[in-house]
Amino acid sequence: MDKPIRKAVRCYLIENDKVVATKYKEGNQKVGYYDIPGGKIEKGETSKEAAIREMKEETGLTITNLKYKGNMIIEYPNRTFDFDVFITNKYMGKTQEFKENTSEWININELLQKDKKLSCIMILKQSYIKGLLDNRYNFNMYIKVDEQENILDIIYQLKNIEDVFKPSESEKHGIDLITEKDINILSIGISTAGAAEIEMTKKNPNNHIIATTIDEEGLEFTKNIIKQYGLEDRIELKMEDVSTKLPYSDEQFDFIYARLVLHYLDNDKLKQTLKEIKRILKNNGSFYIVVRSRNEWEAKLKGTTYDEVTGLTRYPKYKTIRNR
């Protein structure tokens, strides 16, 4: 029988050489063990929201500015935990004692020397902590343990987040047009790995981006990238067909961004979509659009045809692609 997988979070609140840890009290099967604040993700919560809530419930501290740092899998003999890992150094309040646990600031080296500690503390070791502390890196970590928390195996992978795809020149051009006054942004067709949408958040710390796609696999891939940057609350990812009536109110958006998307629509659907875009765009809003050109080199390949009725260009080596 497959082991149940429990989706949860851990959040490392670190300041100087100290980290906030919890210690379980009588009544818990792990009594006396030190742990890092966290717990399961409740229905309707993002992993970041769960980390904030669990920190408050287990330590009394209110944390902000969380940054996603990676994924940690901890496998026990009869169950597996799949943790989203966050780090922060921004907090308010003082550590408190609760019915099930105490909480405290503790020197990292001192914590690592404790006999009773849960395996998620292993990331604080010198050989692994770079993925947690260095802003240039994220990590994947797999830890296999027995019920007595003895480490049986560790697999650790350090990832350079700069390896994520960069915005293209046409993406950069559109992003440059966004001003600090553009708060509500619709990005039709998620860019490669969410690169453009990530850059959009840098234009204004208060803006919010809705990014849509019909590619389910691409959506899931981008969710992981957005999570790595800790931007789940700034970038909302949705499955949405732009050729249908859009579920937004009139004049909702300050800026609408559509790069290499609308050329997939035939003439009739394109007209309907442009009407919808006009409806949901503010009167003084901006609309950035990039489509493939009928004058590009691929459009001149032998076997390429253009349908005057639908406005679709068919390439010999591709499925139907819309061009203007």
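Here are three short exercises on a predicted model, each with a worked solution. Local features need pLDDT of at least 70, side-chain atom pairs count only at pLDDT 80 or more, and totals for chains, interfaces and linings use all residues. Numbering runs from 1 along each chain as its sequence is written, and side-chain values use heavy atoms, leaving out hydrogens and water.

**Exercise 1.** Work out which residues of helix α4 are buried.

- Start with the cut-offs: buried is under 20% relative accessible area, exposed is over 50%, and partly exposed is in between (1.4 Å probe, protein chains only).
- In α4 (residues 169-176; helices are DSSP runs of H or I, at least four residues, and strands are runs of E, at least two, numbered from the N terminus), Glu171, Gly174 and Ile175 are buried.
- Those residues span an arc of only 100 degrees around the axis (going by directions from the helix axis to the C-beta atoms), so they sit on the same side of α4.
- Glu169 and Asp176, on the other side, are exposed.

**Exercise 2.** Classify the ring pair Tyr68 and Phe86.

- Rings of Phe, Tyr and Trp (its six-membered ring) pair with centres within 6.5 Å; planes under 30 degrees apart are stacked, over 60 edge-to-face, the rest tilted.
- Here the centres are 5.7 Å apart and the planes at 75 degrees, so it's edge-to-face.
- Tyr68 is in strand β6 and Phe86 in strand β7, so the pair ties together parts 18 residues apart in sequence.
- Both Tyr68 and Phe86 are buried.

**Exercise 3.** Now classify Tyr91 and Trp105.

- Their ring centres are 5.2 Å apart with planes at 55 degrees, so call this pair tilted.
- Tyr91 is partly exposed at 29% relative accessible area, and Trp105 is partly exposed at 24%.
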